[in-house]
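Me: Hey, can you walk me through this one? I'd like to start with how the helices pack.

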Amino acid sequence: MTARDEGVLAGIARRLARLRSVPTGVLAEIVADGGACLQVSAEDGPPRWLHEAGNDRELAARLCRGCPVQQECLELELRMFGDQTAGVWGALGEDDRRALVPHWRRLTGEPSPPVIGPEHAHREPGRGER
Ligand code: SF4
């Protein structure tokens with residue numbers, strides 16, 4: 001991780017700080033209502049390219065492109081799973097989100113979340129699958 005990467009992550013954490021006062025349940029509703037990946041209907045199924053997207057960073061860029069609730073999704077994921085975060089959420093892959101956690105914690109004072117099992121990790125769109 002370069003100093004530039006650290007600067008980018010610190011900037012993301014600062015932007016997320018505006019959501020600090022939003023209750024977690026409200027964030028969950030915002031993401032459930034507006035998340036682009038959640039608009040995929042059961043009949044449509046996941047997009048065909050989903051498993052061809054390469055690494056998590058590439059998948060996040062493709063899956064979350066244009067999603068109007070990226071920041072809410074990212075904040076929600078960090079609150080729920082902290083450094084146990086897995087898969088693609090909030091337009092970031094898990095390595096990037098885990099690197100973001102210390103910056104986010106410094107600004108939010110969030111304690112470590114409970115350790116959640118790996119079953120929440122996925123590479124399928126749809127937070128509702130958790
Ligand atoms: S995972 Fe990506 S597309 Fe789905 S709600 Fe979160 S930011 Fe939006």
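**Helix packing**

Reply: H4 and helix H5 (residues 94-108) pack at an angle of about 80°, with axes 11 Å apart. That makes H4 roughly perpendicular to H5, a label for angles of 65 to 115 degrees. Helices here are DSSP runs (H or I) of at least four residues, numbered from the N terminus. Axes are lines fitted to C-alpha atoms over the stretch in contact, and angles run from 0 to 180 degrees between N-to-C directions.

Me: Is this predicted or what, and how do I count residues?

Reply: It's a predicted model, where local features need pLDDT of at least 70 and side-chain atom pairs count only at 80 or more, while totals for chains, interfaces and linings use all residues. Numbering starts from 1 along each chain as its sequence is written, and side-chain values use heavy atoms, leaving out hydrogens and water.

Me: Cool. Which residues in H4 and H5 meet?

Reply: Leu74, Glu75, Glu77, Leu78 and Arg79 in H4 meet Arg97, Leu100, Val101 and Trp104 in H5. Contact means heavy atoms within 4.5 Å.

Me: And how do H1 and H4 pack?

Reply: Helix H1 (residues 3-16) packs with H4 (residues 70-81) at about 95°, their axes 10 Å apart. So H1 is roughly perpendicular to H4. From H1, Ile12, Arg15 and Leu16 meet Gln71, Leu74, Glu75 and Leu78 in H4.

Me: New topic: what surrounds the ligand?

Reply: Its neighbours include Val31, Cys37, Leu63, Gln70 and Trp89, with a heavy atom within 4 Å counting as near.

How values were computed:
Helices (H or I, at least four residues) and strands (E, at least two) are DSSP runs, numbered from the N terminus. Angles under 35 degrees count as roughly parallel, over 145 as roughly antiparallel, 65 to 115 as roughly perpendicular and the rest as oblique.
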